[in-house]
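Me: I'd like to understand the labels used for this model. Could you walk me through them?

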Amino acid sequence: MKTLWLLLTLLLTVCLGVFCRNQEEKLIKHLFEERGYNKEVRPAKSKNEPVDVYLALTLSNLISLKETDETLTSNVWMEHGWYDHRLTWNKSLFDDISILRLPADMVWQPQIVLENNNDGQFQVAYYCNVLLYPNGYVYWLPPAIFRSTCLINVNFFPFDWQNCSLKFRSLAYSAKEITMHLKLEKEMNGENNTRDYPVEWIIIDPAGFTENGEWEIIHMPARKNIDKTVPLDSCTYQDITFYLIIKRKPLFYIINIIIPCILISFLASLVYYLPADSGEKMTMSVSVLLAQAVFLLLVSQRLPATSFAVPLIIKYIIFMMVLVTIVVVSAVIVLNLHFRTPSTHTMNKWIKKFFLDKLPQFLHMSKPAASDTHLQNGALQRRSSSVGYIVKAEEYFTVKSRSDLMFEKQSERHGLISRITPRYNCSLGCGDKVTDQLYAELKPAIDNTNVIVKHMREKNDYSEEKDNWNRVARTVDRLGLFLMTPTMILWTMWIFLLGTYNHPPPLPFQGDPFDYKEAHRRFI
C-alpha cells in the first residue's frame, strides 16, 4: 500500500513538471512556429508604420578617460524596449505565464550601436536574454563596456572639464522604419491617475555605481537629436545621445606636479643670492632648467598631441623655462663682470655713475665704508708726525759717522756711556760740499721710497678698480633678484587663478534653461 502511494506521488510530480514545461514550450511553439515568426522582418503592422524603440542608459562605472587617445571607457547597461505585435499572447491560455525569457538572437532587434566608438566594437559585449510580456513588449538590458571618442579640450589642464558623449543610432534602419525615443517612466498622480515623463538623463544607481577617482560627474543629460538637413531614409537623421560633462579632480596633479614645479622654479631666484666666488651659480641655474624640462616631458606624456590649444600647465612651465634661461644668461654676465680686472677691461664713467651710484641707491644697497687715505694734489698726503722724524734723522746722520751709528746701541748694552753727539752747526760755511754729500747719501733711499709708494699706489688703484667690478656684479645680481622674483610670483598667481575659475557651465546646453535632472523631470 505504501509503495502504491509513493508511485502515485512521483507520477503526479513528474506530470506537473512536464505540464509546466510543456506550457512554456507550447507558448514558444505558438509564437515562433504556428504564427511563422520571422526575426528579419520589422514588427510593424503596415509598411509605412515605423517601430517605436525606447532607449535608456544606466552608468555603472566611469572607468577612465585617456587624454592621449581621447578615449572614454565606461561600463554601462544599455536598456532597449519596443513592441512586437507578433509576440502577444493570452495569459489564460498558457497557465498565466506573464513573462518569457528567450535568447536575444531569437527575436527582431533594432540594431542600435554606439556610433562614436573608438575601438571598432559597435555592439554590446554580452547578448543576454530578452524579456517578453503578454502585450508584446520586448525588454532587453545588455551590459557593455564602451570605448567612445571624446574630444579633449586641454586649454585649462589640469583644471579642466570635458564634455564626452555616447551617440547611439541604428545603422540598419532609417527614420522611416524605426523611431527612436527616450525611455518613458510613469508616476502616480493621485489615486488612479498616472502621468508619463521621459528619462532625459543617464541613470545612476547609487548602490551599484563606482565613483571615479579622477573625474567628477557634473551633468549627465540625454537628448534625441534630429538632423533635418538629411532625408528621412538616411540612417543619420536621428540619434539618441547621452552626454557626460565631467570635471577633473586636480588634487593628484597639484601634489605631484604643480607644487614641485613651483618650488623648483622659485629656486632659480636663489641663484642671485649665491656669491660669484662660490662657483655654483651656473650649476644651480642649469639644474633648475633641466628639472623643468623633466616636468615638461612628464606633463606632455599625459596629453594628446594636439595643436589646437596649449595647456595651462604647459604655458606655466614654458614661461618659467624662459625666465630660468634669462637667469642662466644673467649668471654668465655676472660672472664675467665679477672676474674682470683693470688689466683686461676699463670701466667707463657711465658704468660707474649708473651701477655704482644711482642703481645701488635705487635698490637700497649699502655702500662700502669710506677709506681713511685721502689724496692731495694727486698724491698721498704725508702724515705730519713723520716730518719731524725725517728732520731729526737728517741731522743725526750728518753729524755721526757710520761706525758710531752702527755700534752705539751695542755699547749701551755693555754699560758704556754713549757719547753726546753735538748738534752740527753748518753756519761756519760748510757750503755745497756737505749738501752734495747729504744728497748723495739720501737720494737712493728717496728713490727707493718713491718706487715703493708708486707701487703701493698702483696696487691700491688696481684693487679699487677690481672691487668696483665686483660691486657692479653684485648690483646686477640684486637687479635680477628684484625683477625675476615678482615676475615669477605674478605669473604663478595669474596662471592658476585662471585655472581655479574655470568651471563647467551651470546648465548642460547653452540657451536651454532645463537642467536635465531627475528632480526636475518634465511630464508629457
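**Helix packing and one lysine**

Reply: Happily: H2 and H3 are roughly antiparallel to each other. The model is predicted, so local features need pLDDT of at least 70 and side-chain atom pairs 80 or more, while totals for chains, interfaces and linings use all residues. Residues are numbered from 1 along each chain as its sequence is written, and side-chain values use heavy atoms, without hydrogens and water.

Me: Why are H2 and H3 called roughly antiparallel?

Reply: Helix H3 (residues 281-300) packs with H2 at about 160°. Angles run from 0 to 180 degrees between N-to-C directions; those over 145 count as roughly antiparallel, under 35 as roughly parallel, 65 to 115 as roughly perpendicular and the rest as oblique. Therefore this pair is roughly antiparallel.

Me: What makes H2 roughly parallel to H4?

Reply: The axes of H2 (residues 251-266) and H4 (residues 312-338) cross at roughly 15° and come within 11 Å. That angle makes H2 roughly parallel to H4. Their contact (heavy atoms within 4.5 Å) includes Ile-258 and Phe-266 of H2 and Tyr-316 and Met-320 of H4.

Me: Why is Lys-352 called partly exposed?

Reply: Lys-352 has 34% relative accessibility, so Lys-352 counts as partly exposed. Buried means under 20% relative accessible area, exposed over 50%, and partly exposed in between (1.4 Å probe, protein chains only). Lys-352 sits in helix H5 (residues 349-362). Leaving aside neighbours within four places in sequence, Lys-352 is in contact with Met-347, Asp-357 and Glu-465.

Note on methods: Helix = DSSP H or I, 4+ residues; strand = E, 2+ residues; numbered from the N terminus.
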